[in-house]
Amino acid sequence: MLLVGLTGGIGAGKSTASVLLAERGAVIVDADQIVRDLQVPGAPLLERMADRFGAHIIRDDGSLDRGAVAAIVFGESDEAKQALKGLNGIVHPAMQDEIERRIAEQADTGRVVVLDFPLLGENPRDDIAAIVVVDVEPEVAVERLVEFRGMRASDARNRIASQISREDRLAKATHVIDNSGDLGALRYQIDGLWAQLVELRAATTTN
């Protein structure tokens, strides 16, 4: 198995890059999807979040109101920053346990396993053979979040500010994907990246 980290700031297009890598044969371990799986109605994790942030974050049908949570934890105030730490303290241990389980399942497969994790820069690992950063200018990310996710520009900037800086993220990269162009340009870069990862897997297996 070759374990690769895939990360990028919100709005950079990391999820699209992940889909393209899966099309080429990568096994994707998606941290965001794992969190969603852990937050289904009735899940213990959801109950802990409601205890911490209030019952109003749970909709009448039992599902999580992600917008309500975002309004609490993303902002410039000290209160919001503390709330985000509290949220991470609830969510991250369970998420990390499930990430480790899914990676362990692939340990003897010889596959390229991509850990799709937006907070990889904040939570580094020493077992990753390559770190791929999907990158765009922050204002491009804001524009995309407003257009495609319906966020207010101020909310988008708060979300970006809550993550590791662009400069620090890029400093950790072994491979950078510039996603400021169209889908065709992204596909071209992913093709090149995949070829490099396949070569790296072969070299790792040989050694």
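Me: Where is glycine 121 found in this structure?
Reply: The structure is a predicted model. Two strands frame the position in question, β3 (112–116) and β4 (130–135). Glycine 121 is found in the loop between β3 and β4.

Me: Is glycine 121 buried or exposed?
Reply: A residue counts as buried when its relative accessible area is under 20%. The relative accessibility of glycine 121 is 13%, so this residue counts as buried.

Me: Which residues is glycine 121 in contact with, leaving aside its neighbours within four places in sequence?
Reply: Contact requires heavy atoms within 4.5 Å. Once the neighbours within four places in sequence are left aside, the contacts of glycine 121 are Ile164 and Lys172.

Me: What separates the C-alpha atoms of glycine 121 and lysine 172?
Reply: Along the chain, glycine 121 and lysine 172 are 51 residues apart. In space, their C-alpha atoms are separated by 7.2 Å.

Me: Is histidine 92 buried or exposed?
Reply: Histidine 92 is found in helix α5 (residues 78–105). Its relative accessible area is 16%. The limit for a buried residue is under 20%, and histidine 92 is therefore buried.

Me: Which residues is histidine 92 in contact with, leaving aside its neighbours within four places in sequence?
Reply: Histidine 92 belongs to helix α5. With its neighbours within four places in sequence set aside, histidine 92 is in contact with Leu119 and Asn123.

Me: Which residues that line the largest pocket are the closest to its centre?
Reply: The largest pocket has a volume of about 1,400 Å³. It is lined by 48 residues, and the closest to its centre are Ile10, Asp32, Pro118, Arg149 and Arg159.

Me: Which helix gives the most to the lining of the largest pocket?
Reply: Several helices each supply at least two residues of this lining, among them α1 (14–23), α2 (31–38) and α9 (183–206). The most, six residues, comes from α5.

Me: How many residues of the lining of the largest pocket are charged?
Reply: The classes to set apart are the nonpolar residues, of which there are 23, and the polar residues, of which there are 15. The charged residues of this lining number ten.

Me: Which residues that line the second largest pocket are the closest to its centre?
Reply: The second largest pocket has a volume of about 220 Å³. Of its 18 lining residues, the closest to the centre are Gly9, Pro138, Ile160, Arg166 and Arg169.

Me: Which element gives the most to the lining of the second largest pocket?
Reply: β4, α6, α7 (153–161) and α8 (166–171) each supply at least two residues of this lining. With four residues, the one that gives the most is α6.

Methods:
Residues numbered from 1 in each chain as written. Predicted model: local features only at pLDDT ≥ 70, side-chain atom pairs only at ≥ 80, totals over all residues. Heavy atoms only, no water. Buried < 20%, exposed > 50% of the residue type's maximum accessible area, 1.4 Å probe, protein only. 1 Å grid on protein atoms, 1.4 Å probe; cavity = no way out; pocket = protein on both sides within 12 Å on 5 of 7 lines; lining within 4 Å. Points joined across faces, edges and corners; volume = space filled by probe spheres on them. Nonpolar A, V, L, I, M, F, W, Y, C, P; charged D, E, K, R; others polar.
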